[in-house]
Amino acid sequence: MSLRAGSRAIGDKSRIQSRRFWKGRPFHARLRTAGFLFVLPALLFLLIFKFLPMLDALRLSFFKYDLMSAPVFIGLQNYHTLWNNPLFHQAFWVSAKYMFGVSIPEWILALGLAILLNRRMPGRPLIRLAYFFPIAMSQIVVAMVWKFLYNPLGLVNNLLSYIGIDRVNWLSTEATALPALIAIGIWRGVPLFAVIYLAGLQSIPREYYEAARMDGAGPWQRFIHVTLPLLTPTILFIVVLSLISAMKVFLNPLVMTEGGPNGTTRVLPYFIYDTGFAYFRMGEAAAASMVLFCFVLGLTLIQLRLLRQGGPS
Amino acid sequence: MSKPAALRWGGRLITVLTIAGIGLVLLPYFWMVSSSLKTGSEVFELPIRWLPEHLQWANYPNALSRWSFGTYFLNSTVVAVAVMICNLLFCSLAGYGFAKFRFRFREAWFILVLCTLMLPLEIVLVPTYLVVRQLGLVDTYAGLIAPLAVDAFGIFLMRQYIRDLPDSLIEAARLDGCSEFGIFWRIILPNCKPALGALAILSFRDTWDQFLWPLIVVSKNALKTFPLGLAQMEGIDSAAYHEIMAVAVVGMLPAALIFLFFQRSFVRGIALSGVKE
């Protein structure tokens, strides 16, 4: 092999000449440079469009800035304004309700669905296909379809009228708007998380179940003593992932309820968007972004910690 | 003898329930397609009209021509394909660098990359807009594409996959006098097609789906993407649900086709996103 490389190198002198600088350096240093050059373009992109904006958000949160005039340093004023802004408090609680309202049912239903889809049954690939198909659907299509379904004259009310329930204007009644959005979140999230659970379930060796069966464990005991412990990393991952993705929800409140009625569906990202791009209070929006970031950071740290404790290694 | 029989029937019952659950998941989509072929009044009829009396194919051309959906689709496609190509290229380059090379601060850089997973657009919305504005990219294709062009998850995915490729492949090519980039292009890329496939599909779907970023960075009608167009149509034409559904059906076709053709890659990609180190 090395002989062949050698003869080729001799036959290709000009190429060697042009690469003398490169070839002149020690082999390992060359590899180090090459490795760094491979990651450099991606790093630059992330630096410009992720880290720079993040640092900028932190800086901006101490300034008063409306896009038109120059930013003015005002210290912690933005945070103070937020703290005293009842709309911010409302958005905070709406986000919290939405997050847990969507995530907790998702954890349970998605696990249930994954267990069902992991059973041996006729037509299993086709059944899985049908359940996983909605994952591919675009959010805006989902939002439009559900707005149509929730219409006062729409399918949901028509179906309910068969069992004698009066028409409800789901999206413009304070008591029902947020639950209506939560229902969509669950409906959309369950198949997605079921895919991840299913991958976790499939990685559990079959022998463990057979050993448990030999010891006389019933289905429920096998679930408690084999499935749950071995699935713990997947469960923790899904807990955090579902919370973070529910925290980011924005499209549905924007196009379905416009944050209403009376702000009952104005989630935190919506509040940030409104503050920044409707009222041009960029500093205050950045301050609210920092608060949101702290939550994501906190959740991620909790996840890392739990993974380290609960992980097999 | 009676217990196994009971068990078998219990199992069958669960199977039937599993199949019935599909209805719950797919009903909204069925209703969307069926409504897109109804007349405006059939859509809200009671008792519920599950299927249109006559298929109203004209809804499709009517709805699509009234708004500039041709432009919106073109824009969405251009942006989604560009973002996909950028992600495939940059994420596999970086994934290869992180997986198979040693260089100073490699672990630190990699952790930094993973940290950006905690910075979704929703959080860095305002400053990202300011950066793009500073670069003069507001209301341009580049402005639509650039902030989405590299996704840390893609780097993670490619690194995990390339790490499992045997080092001997690379060393053999190096001894053959292949350049470092040549190794990447001719040896690494062809060997990680499954990961590239998953990444391509997830990236295309996420970008096709993107609503928030185009909403902020684009104001010209000529640059609007499909999600913006659909939301705008619904905002103005909110009574014409049969036509809105027709546009929605067309809008879900790319994602649906990709899913049906590449469902293995698709499901694998999503499952991989749950695999942590």
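Chain B of this predicted model has 14 helices and zero strands, where helices (H or I, at least four residues) and strands (E, at least two) are DSSP runs numbered from the N terminus. Its elements therefore read as an unbroken run of α from the N terminus on, α-α-α-α-α-α-α-α-α-α-α-α-α-α. Residues are numbered from 1 along each chain as its sequence is written, and chains are lettered from A in the order in which they are written. Local features need pLDDT of at least 70 and side-chain atom pairs count only at pLDDT 80 or more, while totals for chains, interfaces and linings use all residues.

The C-alpha atoms of chain B fill a box of roughly 75 × 75 × 35 Å along the principal axes. Chain B has a radius of gyration of 24 Å, against near 19 Å for a compact globule of 277 residues; the radius is taken over C-alpha atoms, and the globule rule is 2.2 Å times the number of residues to the power 0.38. An automatic or database domain assignment divides chain B into domain 1 (2-35) and domain 2 (63-272). The centres of these two domains of chain B, taken over C-alpha atoms, are 35 Å apart.

In chain B, 44% of the 277 residues count as buried, meaning that 20 or more other C-beta atoms, placed from the backbone, lie within 10 Å of the residue's own (exposed: 12 or fewer; partly exposed: in between). Among contacts in chain B between residues at least 6 apart in sequence, 78% join residues at least 24 apart; a contact requires C-beta atoms, placed from the backbone, within 7 Å.

Turning to the partner, chain A comprises 15 helices and two strands, and 39% of its 313 residues are buried. Where the chains meet, 80 residues of chain A are in contact with 77 residues of chain B. Helix H4 (residues 27-60) of chain A supplies the largest share of the chain A side, 21 residues. That side divides into 63 nonpolar, twelve polar and five charged residues, with Ala, Val, Leu, Ile, Met, Phe, Trp, Tyr, Cys and Pro counted as nonpolar, Asp, Glu, Lys and Arg as charged, and the others, Gly among them, as polar.

H4(A) also bends by about 40° at Leu47(A), the angle being that between axes fitted to the seven residues ending there and the seven starting there. The end C-alpha atoms of H4(A) are 46 Å apart, which agrees with the 50 Å that its 34 residues should span at 1.5 Å a residue.

Notes. Contact = placed C-beta atoms within 7 Å. Expected span 1.5 Å × (residues − 1).
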